[in-house]
Each structure stands twice: as structure tokens, then as C-alpha cells.
Amino acid sequence: MEIYKTDKIFEEFLSCLNEKGCSPKTIKGYSHDLKLISDYIKEKNDIEEITLDVLKTITKVQYLEYFNTCIAPSTRNRRICALKSFNT
């Protein structure tokens, strides 16, 4: 299973998903979504490393507007879920 290279904060999140017993397919999906979130934030803010403070500044509307492609509702919801995991 390919897990995308992500920032430390995201690696910790993926590790927690694994410890909770999430399926490899779920973890791979979140890994992909977190890589997209990371790319978006780094491009928007010109930074190298993602922190929780930076994550909390991103709204789901901003993030979804970044994608100009049509995505399935289930994909959109998973991407929102991934982002919301850090905005508690």
C-alpha cells in the first residue's frame, strides 16, 4: 500500500487511524487527501512545514475551491472530514 509522504502532523494522524484499526484503504484515502491539503497550504502560504495553527486557518470552502475538478460527493466528504479532523 502506497502512503504519500506527508508532514509530521499528518503522519501522526495516519498512525492514529492505523492504531484505531481503520482499513488500509481508508488510511490510503486519508493519506492522499492529507497530501492534497499539504500541497494546498504550502502553495497558499509559502511554507515548508504544516503546523496545527496553520491548519486551523484553512476553511473547508477555501480548500474545496482550490479544486476546479468535479469530484464525487463521497470524495468531497472524505476530504472535508480529513481537514475537519484538525479543526477541533
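Student: Let's start with Phe-10. Which residues does Phe-10 touch, not counting residues up to four places away in sequence?

Tutor: This is a predicted model. In it, Phe-10 touches Leu-34, Ile-37, Ser-38, Ile-50, Leu-55 and Phe-86, leaving aside residues up to four places away in sequence.

Student: Which residues touch the most other members of the largest nonpolar core?

Tutor: Phe-10 is one of them. The others are Leu-34, Ile-37, Ile-41, Leu-55, Tyr-63 and Phe-86. The core has 20 residues.

Student: Which helices each supply at least two residues of this core?

Tutor: Helix 1, helix 2, helix 3 (52–55) and helix 5 (73–84). Helix 2 gives the most, with seven residues.

Student: OK, step back. How many helices and strands are there in the protein?

Tutor: Five helices and zero strands. Along the sequence the pattern reads α-α-α-α-α.

Student: And what share of the protein counts as buried?

Tutor: 34% of the 88 residues.

Student: What about sequence range? Among contacts between residues at least 6 apart in sequence, how many join residues at least 24 apart?

Tutor: 61% of them.

Student: Now helix packing. At what angle do the axes of helix 1 and helix 2 cross?

Tutor: Roughly 165 degrees, with the axes coming within 10 Å. Helix 1 covers residues 8–19 and helix 2 covers residues 24–45. That angle is over 145 degrees, so helix 1 is roughly antiparallel to helix 2.

Student: Is that crossing left-handed or right-handed?

Tutor: Helix 1 passes helix 2 in a right-handed crossing.

Student: Which residues meet there?

Tutor: From helix 1, Phe-10, Phe-13, Leu-14, Leu-17 and Asn-18. From helix 2, Ile-27, Tyr-30, Ser-31, Leu-34, Ile-37 and Ser-38. The residues of this contact divide into eight nonpolar, three polar and no charged.

Student: Ile-27 is on that list. Buried or exposed?

Tutor: Ile-27 counts as buried, because its relative accessibility is 7%, and the cut-off for buried is under 20%.

Student: How far apart are Ile-27 and Leu-14, C-alpha to C-alpha?

Tutor: 6.5 Å in space. In sequence they are 13 residues apart.

Student: Switch partners. How do helix 2 and helix 5 cross: at what angle?

Tutor: At roughly 70 degrees, and their axes come within 9 Å. An angle of 65 to 115 degrees counts as roughly perpendicular, so that label fits helix 2 and helix 5.

Student: Which residues meet in helix 2 and helix 5?

Tutor: Helix 2 brings Gly-29, Tyr-30, His-32, Asp-33, Leu-34, Leu-36 and Ile-37. Helix 5 brings Arg-78, Arg-79, Cys-81, Ala-82 and Leu-83.

Student: How do the residues of this contact divide into nonpolar, polar and charged?

Tutor: Seven are nonpolar, two polar and three charged. In the contact of helix 1 with helix 2, no residues are charged.

Student: Last one, Tyr-40. Where is its place?

Tutor: In helix 2. Tyr-40 counts as buried, because its relative accessibility is 5%.

Student: What separates the C-alpha atoms of Tyr-40 and Ile-58?

Tutor: 9.7 Å in space. Along the chain, Tyr-40 and Ile-58 are 18 residues apart.

Note on methods: Residues numbered from 1 in each chain as written. Predicted model: local features only at pLDDT ≥ 70, side-chain atom pairs only at ≥ 80, totals over all residues. Heavy atoms only, no water. Axes fitted to C-alpha atoms, helices over the stretch in contact; angles between N-to-C directions. Helix = DSSP H or I, 4+ residues; strand = E, 2+ residues; numbered from the N terminus. Parallel < 35°, antiparallel > 145°, perpendicular 65-115°, else oblique. Left-handed = near helix turned anticlockwise from the far one by under 90°. Contact = heavy atoms within 4.5 Å. Nonpolar A, V, L, I, M, F, W, Y, C, P; charged D, E, K, R; others polar. Core = buried A, V, L, I, M, F, W, Y, C linked by side-chain atoms within 4.5 Å. Buried < 20%, exposed > 50% of the residue type's maximum accessible area, 1.4 Å probe, protein only.
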